[in-house]
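Hi everyone, thanks for making time this morning. Let's bring the structure up on the screen and walk through a few parts of it together.

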Amino acid sequence: MRFFICKDPSKFIKHSYKQYGEWCYYHDDKVSVWECDEYMVLYSGYLIEGDIEDACERWSFDDENGNFFAIKLTKRHYDISIDYFQQHKIFVAHKYGIEISNHIPFMTCNKSDVVSKYLEDVQCLEYSREENNTFYKHIQGWMPRYDYLGDTKRALEEEKWKDLEPLADYIHECMEQHSNLIKSRFKNRFISLSEGIDSALQTQYFLDDPKYMYHVTPAEAGDDAMKYKQLTAKKFSDVSLEVLDLSKGVDLLAEHLVDSSNRGVDFLPTFMQLAKLDTKPDIVVYGSNGDEMCLHKLVPYLHYVMQNNRSKQPSLLKLHIKSEIEKRKHFYGASYTVGKHKNAMTYLDEWLDEWFRYDKRPEWDRAKYDMLKGWSPKLYNRNITVNSDVLCTSLYCDRRIFHEIKKTPKKFLLGDALDTPIQKMLLKRHNYEFITPHKDAVQADYQEMRESVFDATFSHDIGQNI
């Protein structure tokens, strides 16, 4: 679903182009064009509700629910839209004349444009301009104008669901409708499966499709993680498992990494699995944003408990937080992975040392920001979409349901939410016994791979590819 737009026809050496006003553009057959007298739109993806061509006609994508990008061209100007969960990347550059693309190798790059050979970890930069930086000074990822933290804050202030059963019904109805839409529109589907609960629930809606798991070695979770992956695999049909040997990670990255802006090197096993398939799938279904929708992440939960007990003295607040976690250390979200990783109480001690050093009051504004960010959408899918040139989606990336669990009573959010009872309720309805004791996470040492991203992609980036 790649495209390139500029105003200089001489840049098209390997691909033919079309013209619209001052614009010259190329797109592959997975990008569609809608046109009227005043403007044209290049777009790809789908809407969960409504017709994407109606949105093109109205040019009103900001409130749409789906997985898409759309580029509006008038005779001289442009506008860009990306879905709420940013499941695509659009890059814009001006140095060599205006260029717009979702594929950096199509854009004009020279050695003199390199400003960095290492991109910082995305987790500390999300929603910032820095997160959209590339290795090249003149190429920037386009940032949509969604108010993620404000949406999360407003959802937490709205107590809409008094009872969990109707909420579970609603989430199921939305997931079923979304999955049926995917199955009707995309015949060849790649279902990513892990030992985690987000993946277990999502896969209930794609039981007849091929499923793909991966494992990393060496990893902090070690044999214990593999044990739960294997136990999970036995519960489904048509499951394949890829094992990434990190000692070969740098070489494999050079072979499979295409998108130089990709900070998520832990996606490499999925890139490898996709590359090995005889036929590229029409869509990848990933379990992304289940953590953020279902609120089973320890750190934002700790911040939430802290924010709701601001009146306590720091020493008493520390004791209160420890007491709350001690009661819930067996909850699904109380640890970040199975195996040798830190348990909930060990991690909590380190967290308390950071936030209550010398028994001083915590930095409340930073704590609130971290809480809201921790429960706001994460931008995982776009890494697969752009690198492997295949649509990547998730049933959790649905604006109808993403913020709904936050609208439950505060007593639930402070209490049982960390054990994700709504997901467990839905799995019971599917007659599925979930066995993984704590939240899955592929904790491993990826630093050498992160440091090799530039070398893996630079020669292709500066080539003449359009």
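Take Ile5 as our starting point: it stands opposite Ile100 in S9. Before I go on, please keep in mind that this is a predicted model. The two strands behind that pair are S1, residues 3-6, and S9, residues 99-101, and they pair in the antiparallel sense over three bridges.

Now zoom out a little. Which sheet do these strands sit in? It is an open sheet of six strands, in the order S2-S3-S1-S9-S8-S10, with antiparallel pairing. At its edges you'll find strand S2 (18-20) and strand S10 (139-141), each pairing on one side only. On average, neighbouring strands here are turned by 20° against each other, direction ignored.

Let's move to another sheet. This open one has four strands in the order S4-S5-S6-S7, and the pairing is antiparallel. Its edge strands are S4 (32-35) and S7 (78-82); each has a single partner strand, so one side of each is left without a neighbour in the sheet. Inside this sheet, S5 (residues 40-47) and S6 (residues 66-73) run antiparallel and are joined by eight bridges. If you'd like a pair to click on, Leu47 stands opposite Gly66 in S6.

Last stop, a helix. Which residues of H12, residues 364-374, are buried? They are Trp364, Ala367, Met371, Leu372, Lys373 and Gly374. And what do these buried residues pack against? Their partners are helices H2 (148-157), H8 (290-294), H9 (298-307), H10 (314-328) and H11 (344-355).

That's my tour, and I'm happy to take questions.

Definitions and conventions: Residues are numbered from 1 along each chain as its sequence is written. This is a predicted model: local features need pLDDT of at least 70, side-chain atom pairs count only at pLDDT 80 or more; totals for chains, interfaces and linings use all residues. Side-chain values use heavy atoms; hydrogens and water are left out. Two strands pair if DSSP finds at least two bridges between them. Axes are lines fitted to C-alpha atoms, for helices over the stretch in contact, and angles run from 0 to 180 degrees between N-to-C directions. Buried means under 20% relative accessible area, exposed over 50%, partly exposed in between (1.4 Å probe, protein chains only). Contact means heavy atoms within 4.5 Å.
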